[in-house]
Amino acid sequence: MWQRKLTRAASMNSMPVCLQGHYTTDLSRHPQLDIDVGAVRDIYSESAVSVREYETIDDVDIELHINVSFLDEEVASAWKVTRTEPIILRLRFSLSQYLDGPEPTVEVFQPTCKDCFCLGVQLKRILTTFISNQWKHLSNEFLNAQQRKRHSWFKAGGTIKKFRAGLSIFSPITKCSSVPLIQGPGVKTRPAGQELRVTRLMSRSMSCTKRDLHTSSPIGQTVAVQGSRSTVHITTRQLIQLFFSSQALIHCKSIPTLEYGFLVQVMKYSEQRIPTLNDYCVVCDEQHVFQNGSMLKPAVCTRELCVFSFNTLGVMSGAAEDVATGAEVVDLLVAMCRAALESARKSIIFDPYPSVVDPHDPKSLAFNPKKRSYERLQRALDSITSIREITQGPYVEIKKQMDKLDSLAHPLLQWIISSNRSHIVKLPSSRQLKFMHTSHQFLLLSSPPAKEARFRTARKLHGSTFAFHGSHIENWHSILRNGLVNASYTKLQLHGAAYGKGIYLSPISSISFGYSGMGKGQHHMPTKEELVQHYNRVNTVLQCRPTQSRFLQSRNLNCVALCEVITSKDLQKHGNIWVCPISDHVCTRFFFVYEDGQVGDANINTQDVRIQKEILRVIGVQST
């Protein structure tokens with residue numbers, strides 16, 4: 001079959017130019033192309049596909065519009081995706097041959113972001129591989145046979161009737177207009193009844209599989225119909241959630257059916273892959289092997305071949321822009337890296353270790369996780385020009401200066417930026433929490449879409465509140481790349497677990513501030529008296545404090561995170577020390593940095609109504 005395609009393509013390319021005009025008069029759009037375009041419009045909408053013909057060269061551009069409004073604002077911002085615009089897949093086929101012609105080219109972009117759409121680079125690579133694999137056995141004749149087979153299923157006495165009884169063991173589905181009915185072209189007016197129920201069940205399973213990872217997708221509409229209170233129905237919902245939570249990553253790579261056409265198949269596959277892009281390496285498209293699962297941002301895996309080819313993807317081309325536009329964030333990332341590298345516990349907490357290609361020998365790694373050299377890493381880190389200086393001059397010139405000092409300084413800086421898998425944004429002064437008394441305030445989101453979805457589902461059931469989590473700055477290099485995890489009784493544990501296993505939090509800022517300063521030397525839990533004495537000694541009069549710089553001035557840093565925590569029965573409260581044993585029930589929201597031991601008000605209580613209103617005000621501003 002593939003030989004036939006190559007022969008036809010070759011015959012077209014070898015056709016004399018003088019016959020081109022005469023040849024185009026006999027060209028017409030292949031009928032299978034019309035059928036596939038019609039299927040997209042029937043299943044999705046009229047605006048889901050657009051067609052542009054180039055008859056003189058026998059080409060046609062098919063643009064498939066993928067709706068990404070299901071993404072959270074935070075996820076979309078971290079992925080640099082505009083939620084209000086579709087992701088457009090542009091496929092170029094032979095107009096007259098369609099599936100019998102040459103393999104289509106692929107472009108992925110958003111209307112307002114065509115040149116620097118990094119997520120599109122990853123998605124284009126995925127779809128190019130998918131289409132190439134499908135193209136080996138695809139033809140117009142084969143597709144037509146698949147569609148005829150589908151229609152035979154729904155005929156009276158067909159295959160659908162034979163397994164209908166088997167599906168009747170599932171709970172009855174409430175008749176509700178909010179349940180979408182996904183059907184193929186030509187079956188939109190099928191009568192209601194058992195057949196409708198089967199289609200709805202199949203639709204619900206498909207929708208749950210595709211969208212259960214997203215917080216703003218209509219989970220309540222497709223899995224649990226609003227108003228239904230039957231015990232059987234809730235059990236079915238739980239089974240679906242349990243099944244798909246464990247199978248979601250497997251499903252996202254499954255090949256959708258061809259029975260609705262090749263274009264619908266491509267759209268379905270894209271919809272499966274987009275929500276889980278952060279779970280897969282941007283180079284090899286294999287699942288990440290991070291210690292604690294996926295994080296928010298897509299990234300390259302630690303496999304050496306992927307590290308070598310990473311630069312060819314163009315994902316790193318935005319490093320200079322990141323330094324210019326997010327300089328305060330880069331400054332913080334470098335400070336965290338330095339603190340971890342200078343720690344006595346660096347062999348444990350400096351994770352991940354950089355994977356950096358040697359600029360003088362592209363076939364080897366200058367920094368290799370399998371052959372760690374902390375001294376060499378320290379020399380390169382010390383040669384990184386201060387972020388303050390980088391922002392004051394041409395980036396190209398600054399890079400040259402770094403290269404003269406150490407050829408590995410700039411590649412290390414690129415790694416520090418690109419390996420961060422959390423979404424950090426410096427908060428402008430108008431959106432800062434004034435009661436925290438520091439200008440170094442950041443929005444910090446590290447949960448991948450799947451975890452955020454589980455968190456919001458739990459919040460609807462149990463509610464949530466805010467609490468502080470204190471950890472020394474040397475630990476945050478790893479936290480931003482591996483997530484905030486339950487470290488109790490593991491090698492990562494630094495303090496005792498007096499109240500059991502879990503993530504330790506507190507509604508009182510002074511308690512968490514105590515933990516954030518215990519990373520070097522002081523490895524015991526402070527008493528209440530020690531905390532009071534420490535903060536009476538350290539705190540100064542806030543009105544007399546000089547205006548803080550845009551960048552960090554000191555290496556003596558304290559930091560604390562403000563987290564949102566689910567208030568379920570699993571949350572153990574021992575006075576003002578809370579322990580949450582379920583990692584999915586804690587999500588970071590804000591991050592605060594203090595210099596030279598200075599902190600804000602040590603008596604901030606997140607349970608204070610005024611404090612809660614201020615937090616919700618800032619969060620409300622961020623989500624709009």
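**Notebook: sheets, cores and backbone exceptions**

I began with the pairing of strand S2 (residues 59–66) and strand S3 (residues 87–94), which run antiparallel and are joined by eight bridges. The model is a predicted one. Within this pair I found aspartate 59 opposite serine 94 of S3.

I then followed the sheet outward. It is an open sheet of four strands in the order S1-S2-S3-S4, with antiparallel pairing. Strand S1 (49–54) and strand S4 (105–109) form the edges; each has a single partner strand, so one side of each lacks a neighbour in the sheet. I noted an average turn of 20° between neighbouring strands, direction ignored. Helix H11 (residues 262–273) packs on this sheet and touches S2 and S3, its direction making about 40° with that of S2.

**Loops of the four-stranded sheet**

I checked the backbone angles in the loops. As background, most residues other than glycine have a negative phi, and most peptide bonds are trans. Aspartate 58, in the loop between S1 and S2, has a positive phi of about 55° although it is not a glycine. Tyrosine 98, in the loop between S3 and S4, also has a positive phi, near 50°. Are these residues buried or exposed? Aspartate 58 has a relative accessible area of 1% and tyrosine 98 one of 0%; both count as buried because each value is under 20%.

I recorded a further exception elsewhere: a cis peptide bond joins aspartate 351 and proline 352, with omega about 10°. Proline 352 belongs to the loop between helix H15 (346–349) and strand S5 (356–358).

**Nonpolar cores**

Which members of the largest nonpolar core touch the most other members? I listed Leu64, Phe93, Phe262 and Met436, in a core of 68 residues. Helix H5 (residues 118–135) gives the most to this core, with seven residues. A separate core has 57 residues, including Ala335, Ile384, Ile387 and Phe591.

I looked up the surroundings of phenylalanine 93, setting aside neighbours within four places in sequence. Its contacts include Asp58 and Tyr98, the two loop residues noted above, as well as Trp135, Phe262 and Leu263.

**Valine 593**

I next turned to valine 593, which is found in strand S14 (residues 586–595). Valine 593 is buried, with a relative accessible area of 0%. Beyond its neighbours within four places in sequence, I found contacts with Leu332, Thr438, His440, Phe442, Leu552, Leu557, Asn558 and Cys559. I also noted that the C-alpha atoms of valine 593 and histidine 437 are separated by 10.0 Å, the two residues being 156 residues apart along the chain.

**A helix pair**

Helix H14 (residues 327–341) packs with helix H16 (residues 374–382) at an angle of about 150°, their axes 11 Å apart. I entered the pair as roughly antiparallel, because the angle is over 145 degrees. The crossing of H14 past H16 is left-handed. Which residues meet there? From H14 they are Val334, Cys337, Arg338 and Leu341; from H16 they are Tyr374, Leu377, Gln378, Leu381 and Asp382.

**A three-stranded sheet**

My last entry concerns an open sheet with the strand order S10-S13-S12 and antiparallel pairing. Strand S10 (503–505) and strand S12 (572–574) are the edge strands, each pairing on one side only. The twist from one strand to the next averages 25°. Three bridges join S12 to strand S13 (residues 577–580), and the two run antiparallel. I noted isoleucine 577 in S13 as the bridge partner of histidine 574.

Technical notes
Residues are numbered from 1 along each chain as its sequence is written. This is a predicted model: local features need pLDDT of at least 70, side-chain atom pairs count only at pLDDT 80 or more; totals for chains, interfaces and linings use all residues. Side-chain values use heavy atoms; hydrogens and water are left out. A nonpolar core is a set of buried Ala, Val, Leu, Ile, Met, Phe, Trp, Tyr and Cys residues joined through side-chain atoms within 4.5 Å. Buried means under 20% relative accessible area, exposed over 50%, partly exposed in between (1.4 Å probe, protein chains only). Contact means heavy atoms within 4.5 Å. Two strands pair if DSSP finds at least two bridges between them. Axes are lines fitted to C-alpha atoms, for helices over the stretch in contact, and angles run from 0 to 180 degrees between N-to-C directions. Angles under 35 degrees count as roughly parallel, over 145 as roughly antiparallel, 65 to 115 as roughly perpendicular and the rest as oblique. A crossing is left-handed if the near helix is turned anticlockwise from the far one by less than a right angle, and right-handed if clockwise.
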